[in-house]
Amino acid sequence: MNPFSYGHLNILTFDIEDWYHINYPQLDFTVYDKEEDHSLLFSAVKKILSFLKEKNTKATFFILGRIAEKKPEMVLSIAEDGHEVALHGYEHYLLKDIGKEQFKRETEKCIKIFEGITGKIPKGFRAPSWSATPWLFSVLNEMGFEYDASVFPVKTPFYGIPDAPRYPFFIDGNLFEIPTSVYRLSGKNMGFSGGIFFKIFPWMVIKKAISKIKGEGLPLIFFFHPWDFWDRPGRLPKFKARVMFDLKIGNVENKFFRLINNFPMNSITSVLNDLKKGAQIVSSSKFQVPS
Ligand SMILES: [Zn+2]
């Protein structure tokens with residue numbers, strides 16, 4: 001018997017950051033932060049919000065603290081449209097690079113920033129560039145977070161926890177984890193639900209992965225970025241600019257429309273109780289989080 005009954009749940013998430021917020025190779029974000037007014041980012045967010053309004057769709061937005069500080073009106077427009085506002089770190093540095101104490105300080109700062117703008121304390125967190133560390137889950141739990149969405153059970157040269165569960169679970173019985181969707185192919189987990197994976201795969205492949213996952217009773221969790229919806233190279237480091245824009249591979253916007261036209265999407269908070277119902281407790285020692 002299929003142990004999961006989440007096949008009807010489709011979750012849409014966005015990581016709200018600007019063009020330079022990538023962590024490979026490591027950049028000094030503060031240099032770009034000084035110069036960037038995020039107006040192009042905001043116009044992409046406005047475009048996303050109008051798509052979602054048109055489709056009567058709600059989503060979760062994991063937003064950088066630094067951007068929220070500089071563009072509170074952007075955060076407010078997301079919250080006022082009924083979407084969930086959650087955290088994505090302060091400056092998008094990898095968690096292993098900032099360490100536990102700095103992470104705590106910055107996260108406390110972020111909670112204050114977001115509470116000041118929306119009047120609500122964010123419930124969820126997603127680590128920049130999927131950079132979960134072994135200490136992350138207990139720290140989030142101690143800080144009162146209800147869930148984490150930093151686990152991507154896939155193997156890539158830059159990130160991923162390939163042996164983590166593919167289903168939502170309570171880590172050590174405490175924090176609730178909502179891993180991003182991956183599908184099994186020849187005994188390996190494959191990404192398809194956002195980023196480079198969503199970009200390179202044709203819609204037919206994505207659709208196939210979706211029905212396989214639904215058949216397993218797993219929820220669908222997709223992730224997108226503002227740059228999926230703009231057409232500007234910016235001043236991206238060369239290799240990234242090539243992959244993102246010059247190669248012109250995939251048509252993310254078109255596939256995104258097909259996705260939300262075919263599968264009604266929700267924010268994480270709106271389905272959190274359904275996800276938690278009957279969820280298993282998994283010990284963090286069962287999977288290898290990079291340190
Ligand atoms: Zn990010």
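## Helix 8 and its buried side

A residue counts as buried if 20 or more other C-beta atoms lie within 10 Å of its own. Keep that cut-off in mind as we look at this predicted model. In helix 8, the residues that meet it are Ala209, Ile210 and Ile213. They cover an arc of only 100° around the axis, which puts them on the same side of helix 8. Turn to the other side of helix 8 and you will find Met204, Ser211 and Gly215, which are exposed.

What do the buried residues of helix 8 pack against? Their partners are strand 8 and strand 10, the latter covering residues 220-224.

The length of this helix can be checked too. Helix 8 runs over residues 203-215, and at 1.5 Å a residue its 13 residues should span 18 Å; the end C-alpha atoms are 18 Å apart, so the two values agree. Just after helix 8 comes Gly217, with a positive phi of about 80°.

## The hairpin of strands 8 and 9

Strand 8 (residues 182-185) also has a strand for a partner: it pairs with strand 9 in the antiparallel sense, over four bridges. One of the pairings joins Arg184 to Asn189, its bridge partner in strand 9. The two strands form a hairpin, with two residues between them.

Strand 9 itself covers residues 188-191, and its side chains alternate. Asn189 and Gly191 point to one face and are buried, whereas Lys188 and Met190 point to the other face and are not.

## Two residues with a positive phi

Most residues other than glycine have a negative phi. Two residues here are worth a look with that in mind. Ser186 lies in the loop between strand 8 and strand 9, and has a positive phi of about 50° although it is not a glycine. Ser186 has 5 other C-beta atoms within 10 Å, so it is exposed.

Asn56 also has a positive phi, of about 55°, and is not a glycine either. You can find Asn56 in the loop between helix 2 and strand 2, the strand of residues 60-63. With 10 other C-beta atoms within 10 Å, Asn56 is exposed.

## Helix 2 beside helix 4

How are helix 2 and helix 4 arranged? Helix 2 (residues 39-54) packs with helix 4 (residues 72-80) at an angle of about 5°, and their axes are 11 Å apart. That angle makes helix 2 roughly parallel to helix 4. On the helix 2 side of the contact are Phe42, Val45 and Leu49, which meet Met74, Ser77 and Ile78 in helix 4.

## Partners far apart in the chain

Phe169 belongs to strand 6, residues 169-171. Is Phe169 buried or exposed? It has 23 other C-beta atoms within 10 Å, so Phe169 is buried. Leaving aside residues up to four places away in sequence, Phe169 touches Glu177, Ala279, Gln280, Ile281 and Val282. Gln280 is 111 residues from Phe169 along the chain, yet their C-alpha atoms are separated by 5.2 Å.

Thr30, in helix 1 (residues 29-35), offers another pair to look at. The C-alpha atoms of Thr30 and Glu91 are separated by 8.3 Å, with the two residues 61 residues apart along the chain. Thr30 counts as exposed because it has 9 C-beta neighbours inside 10 Å.

Methods: Residues numbered from 1 in each chain as written. Predicted model: local features only at pLDDT ≥ 70, side-chain atom pairs only at ≥ 80, totals over all residues. Buried ≥ 20, exposed ≤ 12 C-beta atoms within 10 Å, placed from the backbone. Pairing = 2+ DSSP bridges. Expected span 1.5 Å × (residues − 1). Arc of directions from axis to C-beta. Contact = placed C-beta atoms within 7 Å. Axes fitted to C-alpha atoms, helices over the stretch in contact; angles between N-to-C directions. Parallel < 35°, antiparallel > 145°, perpendicular 65-115°, else oblique.
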